[in-house]
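Biologist: Please show me the model, and then we can go through the aromatic rings and the ligand site.

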Amino acid sequence: MSLPTIEADVQVLPADHPLQSGRTSASPLVTTYQGTRGAVTPIWMMRQAGRSLPEYRALRVGTDMLDACLDPAMASEITLQPVRRHGVDAGIFFSDIVVPIKLAGVDVSIVAGKGPVLPHPVRTAADVAALPDLDEAALAPISEAVALTVAALGDTPLIGFAGAPFTLAAYLVEGGPSKDHIAARTMMHSDPETWQGLMRWTATITGAFLRAQLMAGASAAQLFDSWAGALSLADYTAKVAPASALALSRVHGLQYTAPDAATRTVPIVHFGVGTGELLGAMHDVGADVMGVDYRIPLDEASRRLGGTVPLQGNIDPAFLAAPWPVLEAHVLDVLDRGRAAPSHVLNLGHGVPPDTDPVVITRVVSFVHDVAGDAAARGSDADAGTSATTSAETSTS
Ligand code: CP3
């Protein structure tokens, strides 16, 4: 499968962008994504905005999920809620991976407790041919919400995100969530041309959605290929990777001038669930950082990536409901294994479960910042490992 690049984009961020103006370029998140291990291990959590927060549930009463995503003031407020409450090192833009599908004019809704549902699944060549182009002007509410959010975030970076072409295609072909994505995988093999057309469409809309967030002020990007773990390495490489590369070509190499006068590019994170076998291939599509789910430890993930790739992850969300000493020991183990990589941003191995006690999230964030603070006070990376171990052994709570 070969998919040429869409178009030559402007490759320089606007002058007032937080990376270009220097507001976020020296932040722990951005520098860690760029491979520098600092005194602080930055932390944010996938799905940190959303149902675990009572202030989110209160704000959402009476508003449909996708309407909330398209209301700039509401999307911005929801994005800011976990940053205020938990003191995480980044906001992640509140939206959903199906928002660009909706903005293109395709009928999609989000059903509570289930996920995205499309009443008219895309199954045939004619279905793919009928998919409407995304008029980039339709992305205005996204750009507006991002601009509002970064103005309020100050020095804290915002992460933009999008669904990867395969994960979007899986929803489109299945018509909703599925376990093994068998209809999508059947189309991939039985009708390769239709598959390629569908992947080109999803790559185009999702790349535009991500680019809009970055141009409006997001300081990093994360591509979610949640369901790529359903694929063999051979199928991923031949049938999916070119489309993910095409989507990322819209944001890869977006430049700014750092405070030290060096030209740098916006960091791109790539994450999948159950994708331990695909880490190298997913890195090769144009990612700077690999997000790792909880199924393989970070030292093993780093080994598979040749020890050269910054990592993000991978607290098992199941531990968030465990007694604190159990959770604490797990967090310390993740931090310790993360030392195998050049640099490490702490996160979960998938999203915050909706019934998580937000007090636990705040406690994990401040614990991680304190562990890092201890290390900084002692003055070296080697000491940070010692500090982490000591803290685990002496915990009394
Ligand atoms: O779980 C997956 O990884 C599947 C793919 C996926 C979906 N949305 C589909 C979906 C991914 C990666 C997302 C991303 C997403 N959704 C983000 C960005 C990532 C992040 O780390 O924050 C955000 C902010 C959302 C927002 C979102 N989508 C919320 C809060 C909800 C719950 C609905 C509500 O009314 O609050 C959704 C719906 C949704 N999208 C679900 C899935 C699987 C869950 C459906 C449910 O359990 O109700």
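**Aromatic pairs and ligand contacts**

Modeller: A search of this predicted model, run over the whole structure, gives seven aromatic pairs.

Biologist: What is the geometry of the pair formed by Phe224 and Phe271, stacked or edge-to-face?

Modeller: The ring centres of Phe224 and Phe271 are 5.9 Å apart, and the angle between the planes is 80°. Planes over 60 degrees apart fall in one class, so the pair formed by Phe224 and Phe271 is edge-to-face.

Biologist: How many residues apart are Phe224 and Phe271?

Modeller: Phe224 belongs to strand E5 (residues 220-225) and Phe271 to strand E8 (residues 268-272). The pair thus links distant parts of the chain, with a separation of 47 residues.

Biologist: Are those two rings' residues, Phe224 and Phe271, buried or exposed?

Modeller: Phe224 and Phe271 also belong to one aromatic cluster, together with Phe161 and Phe209. As for Phe224 and Phe271 themselves, each is buried.

Biologist: Which ring lies under the charged end of Arg363?

Modeller: The charged end of Arg363 is 4.1 Å from the centre of the ring it sits over. That ring belongs to Trp324.

Biologist: Which residue has a polar side-chain atom 2.5 Å from an oxygen atom of the ligand?

Modeller: The ligand is surrounded by 25 residues, with Arg47, Tyr56, Asp96, Gly113 and Ser226 the closest. Asp96 places a polar side-chain atom 2.7 Å from a ligand nitrogen atom. The contact at 2.5 Å, to a ligand oxygen atom, comes from Ser226.

Biologist: What percentage of the ligand's area does the protein bury?

Modeller: Taken alone, the ligand exposes 840 Å². Of that area, the protein buries 91%.

Key
Residues numbered from 1 in each chain as written. Predicted model: local features only at pLDDT ≥ 70, side-chain atom pairs only at ≥ 80, totals over all residues. Heavy atoms only, no water. Phe/Tyr/Trp six-rings, centres within 6.5 Å; stacked < 30°, edge-to-face > 60°. Helix = DSSP H or I, 4+ residues; strand = E, 2+ residues; numbered from the N terminus. Buried < 20%, exposed > 50% of the residue type's maximum accessible area, 1.4 Å probe, protein only. Lys NZ or Arg CZ within 6 Å of the ring centre and 35° of its normal. Near = heavy atom within 4 Å. Polar contact = N/O pair within 3.5 Å; in protein donor to acceptor, adjacent residues only side chain to side chain. Areas by Shrake-Rupley, 256 points an atom, 1.4 Å probe, with all protein chains shown as cover.
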